[in-house]
Amino acid sequence: MYLGALELDVLLGDVRSLAEKRSMMEPVLGDLHRMGVSAAETGERERIRRSLLGVAAAGTDVDLLHDKLDECERHVAERHDLELLAVRRRIFGPED
């Protein structure tokens, strides 16, 4: 079994409150969940225009796991209402 994790550092567009930020992040997280991964806002929760998203997935084929994480990264990067600043990826395998 392999476990994959993404950490996505994003800058939000025109957001003026934490409530606006939450309403903007809910559809992003919902889309990621529909892709079959676990996703949550894992950092920068009190900063209005920044967010850190955590994405996790498990699989038996490391190549398919990379493909799934690539799909998630592309989905966030293609959004027009935020800017993807950085991505960190980790894959854990049977030997870890």
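In the predicted model described here, the side chain of D9 forms a polar contact with the side chain of R50 at 2.7 Å, a polar contact being a pair of N or O atoms within 3.5 Å in which, within protein, one atom must be able to donate a hydrogen and the other to accept it, residues adjacent in sequence counting only if both atoms are side-chain atoms. Because the model is predicted, local features need a pLDDT of at least 70 and side-chain atom pairs count only at pLDDT 80 or more, whereas totals for chains, interfaces and linings use all residues. Residues are numbered from 1 along each chain as its sequence is written, and side-chain values use heavy atoms, with hydrogens and water left out.

D9 belongs to strand 1, where helices (H or I, at least four residues) and strands (E, at least two) are DSSP runs numbered from the N terminus. With a relative accessible area of 11%, D9 is buried; buried denotes under 20% relative accessible area, exposed over 50%, and partly exposed the range in between, computed with a 1.4 Å probe on protein chains only. When neighbours within four places in sequence are set aside, the residues in contact with D9 are R50, S51, L52, E83, L84, L85, A86 and R88, contact meaning heavy atoms within 4.5 Å.

The protein comprises two helices and four strands, and from the N terminus on its elements follow the order β-α-β-β-α-β. The four strands make up an open sheet in the order 2-3-1-4, with antiparallel pairing; two strands are taken to pair if DSSP finds at least two bridges between them. Strand 2 (38-43) and strand 4 (82-92) occupy the edges and have a single partner strand each, so one side of each is left without a neighbour in the sheet. On average, and with direction ignored, neighbouring strands of this sheet are turned by 20° against each other, axes being lines fitted to C-alpha atoms, for helices over the stretch in contact, and angles running from 0 to 180 degrees between N-to-C directions.

Strand 1 (residues 2-12) pairs with strand 4 in the antiparallel sense over 10 bridges, and L6 lies opposite R89 of strand 4, while L3 faces F92 in that strand. Helix 1 (residues 18-34) packs on the sheet and touches strand 1, strand 2, strand 3 (50-59) and strand 4, its direction making about 145° with that of strand 2. Helix 2 (residues 62-77) likewise packs on the sheet, where it touches strand 1, strand 3 and strand 4, and its direction makes about 165° with that of strand 4. Between strand 1 and strand 3 there are also 10 bridges, in the antiparallel sense, and Y2 stands opposite G59 of strand 3. Strand 2 and strand 3 run antiparallel and are joined by five bridges, A39 having V55 in strand 3 as its bridge partner. The hairpin of strand 2 and strand 3 has six residues between the strands, and within this hairpin E44 takes a positive phi near 60°.

The largest nonpolar core contains 21 residues, of which L12, V28, L32, V55, C72 and V76 have the most contacts inside it; such a core is a set of buried Ala, Val, Leu, Ile, Met, Phe, Trp, Tyr and Cys residues joined through side-chain atoms within 4.5 Å. At least two residues of this core come from each of strand 1, helix 1, strand 3 and helix 2, and helix 1 gives the most, with five residues. Not counting residues up to four places away in sequence, V76 touches L8, V10, V28, L32, L82 and L84.

G13 is located in the loop between strand 1 and helix 1 and, at 26% relative accessibility, counts as partly exposed. Outside the residues up to four places away in sequence, G13 touches M24, R49 and D81. The C-alpha atoms of G13 and E73, which are 60 residues apart along the chain, are separated by 18 Å.

For the protein as a whole, 35% of the 96 residues count as buried. Of the contacts with a separation of 6 or more, 68% are accounted for by residues 24 or more positions apart. The C-alpha atoms fill a box of roughly 45 × 20 × 20 Å along the principal axes. The radius of gyration is 14 Å, which agrees with the value near 12 Å for a compact globule of 96 residues, where the radius is taken over C-alpha atoms and the globule rule is 2.2 Å times the number of residues to the power 0.38.
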